[in-house]
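Subject: The structure I promised you

Hello,

Here is the structure we talked about, for you to open and turn around on your screen. Please keep it in view while you read the rest of this message.

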Amino acid sequence: DIRFTIDRGGRDLAHEPTRYVRRLKSEDHAVLYYDTEDVKREISFPFLEAGLVKGEAVVYLVPERKMDSEGQAVQRYGISADYFRTGAFTIMSADEWYLRKGKAQAETIIANWLTLLREKQEAGFTGLRGVGEMEVFFDNAKTKELLRYEATLGRQLLPNLCALCLYDTNRLE
C-alpha cells in the first residue's frame, strides 16, 4: 500500500514511488499494489510517460469496462494525443490480451509480448514498456495461470521490454 509506505518512516516519501518507476529500464519487471484508482494512476502514468520520453512504445492493458475512462484519464494527465496517432501509446483490452478463447497461458502471453516488441521496434521504437491490470485473471478465476505467468516473467525480462503489473489490493484476500 503506497500510503503505508509513505507514512511508515515518518519521512515524506510521496515522490519516491514515482521516481522509482520512472527509473525502471529495459529488462525490469515491477509490481504495484494499489488501493485506489488515483494511486494506480499516480504511479503507472509516470512509468508510461518515461517510456515515451525514451523513445519506447507503451501499452496500457486495462479491463474492457475501463478502456474509455482510462483513456480519458491518460489525456487528463497530459500525455499528448500525438502519441496515440503515431502508435507510440496504445490502450488495449486486458481481457483480450491475457485471455484467448477463455484460456490464459503464460507462454502464449509472453510470445505475444515478444511479437509486439518486434513490431514496435520495426516501426522505429527503441523498446516496449507495458502496464497491465491483472484483475482480469481474478474476474475469470485464473489465479493459478496468473501465478504461472508472473513466475515465468520473473524479475528480469528480455532486452528492450519493461513491465509494470498492477494489483488492486481490494481484490486480494
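Below I go through the sheet, then the helices that pack on it, then two helix pairs and one arginine. Please keep in mind that this is a predicted model.

**The sheet**

A good place to begin is the open sheet, which is built from five strands in the order β1-β5-β4-β2-β3 with parallel pairing. Which strands stand at the edges? They are β1 (29–34) and β3 (89–93). Each of these has a single partner strand, so one side of each has no neighbour in the sheet. On average, neighbouring strands here are turned by 15° against each other, if direction is ignored.

You can now follow the pairings one by one. β1 and β5 run parallel and share six bridges. Along that pair, His29 stands opposite Ala163 in β5, and Tyr34 has Asp168 of β5 as its bridge partner. On the next step across, β4 is joined to β5 (residues 161–168) by six bridges, again in parallel. Here Leu128 is partnered with Leu161 of β5, while Glu133 is partnered with Leu166 of β5. β4 also pairs with β2 (residues 57–62), in the parallel sense and over five bridges. One bridge to look for there links Val58 to Arg129 in β4.

**Two covered strands**

Are the residues of β4 buried or exposed? In β4 (residues 128–133), six of six residues are buried. Leu128, Gly130 and Gly132 point one way from this strand, and Arg129, Val131 and Glu133 point the other way. β5 is mostly covered as well, with eight of its eight residues buried. From β5, Leu161, Ala163, Cys165 and Tyr167 point to one side, whereas Cys162, Leu164, Leu166 and Asp168 point to the other. If you wonder about this every-second-residue pattern, side chains in a regular strand alternate between the two faces of the sheet.

**Helices on the sheet**

Next, bring the helices into view. Helix α4 (residues 67–77) lies across β2, β3 and β4, and its direction is at about 160° to that of β3. Helix α9 packs on the sheet too, where it touches β1 and β5. The direction of α9 makes about 150° with that of β5.

**How α7 meets α9**

α9 (residues 143–153) also meets a helix, α7 (residues 106–122). Their axes come within 9 Å and cross at roughly 50°, which makes α7 oblique to α9. The crossing is right-handed. On the α7 side, the contact is made by Ala106, Glu107, Ile109, Ile110 and Trp113; on the α9 side, by Arg148, Tyr149, Thr152 and Leu153. Sorted by class, this contact has six nonpolar residues, one polar residue and two charged residues.

**How α2 meets α3**

The second helix pair is α2 (residues 16–23) and α3, with axes that come within 8 Å and cross at roughly 30°. These two helices are therefore roughly parallel to each other, and their crossing is right-handed. Which residues meet here? Pro17, Thr18, Val21 and Arg22 come from α2, and Glu42, Ile43, Pro46, Phe47, Glu49 and Ala50 come from α3. By class, the contact of α2 with α3 contains six nonpolar, one polar and three charged residues.

**One arginine to look at**

Finally, try selecting Arg41, which is found in α3 (residues 37–53). Is Arg41 buried or exposed? Its relative accessibility is 18%, and buried means under 20%, so Arg41 counts as buried. What does Arg41 touch, leaving aside its neighbours within four places in sequence? Arg41 is in contact with Pro46, Ser69, Glu70 and Ala73.

A good way to check your understanding is to trace the strand order yourself, starting from β1 and ending at β3. After that, look at the two helix pairs in turn and compare the oblique crossing of α7 and α9 with the roughly parallel one of α2 and α3.

Enjoy exploring, and write back with any questions.

Best wishes

Methods:
Residues are numbered from 1 along each chain as its sequence is written. This is a predicted model: local features need pLDDT of at least 70, side-chain atom pairs count only at pLDDT 80 or more; totals for chains, interfaces and linings use all residues. Side-chain values use heavy atoms; hydrogens and water are left out. Axes are lines fitted to C-alpha atoms, for helices over the stretch in contact, and angles run from 0 to 180 degrees between N-to-C directions. Helices (H or I, at least four residues) and strands (E, at least two) are DSSP runs, numbered from the N terminus. Angles under 35 degrees count as roughly parallel, over 145 as roughly antiparallel, 65 to 115 as roughly perpendicular and the rest as oblique. A crossing is left-handed if the near helix is turned anticlockwise from the far one by less than a right angle, and right-handed if clockwise. Contact means heavy atoms within 4.5 Å. Ala, Val, Leu, Ile, Met, Phe, Trp, Tyr, Cys and Pro count as nonpolar, Asp, Glu, Lys and Arg as charged, and the others, Gly among them, as polar. Buried means under 20% relative accessible area, exposed over 50%, partly exposed in between (1.4 Å probe, protein chains only). Two strands pair if DSSP finds at least two bridges between them.
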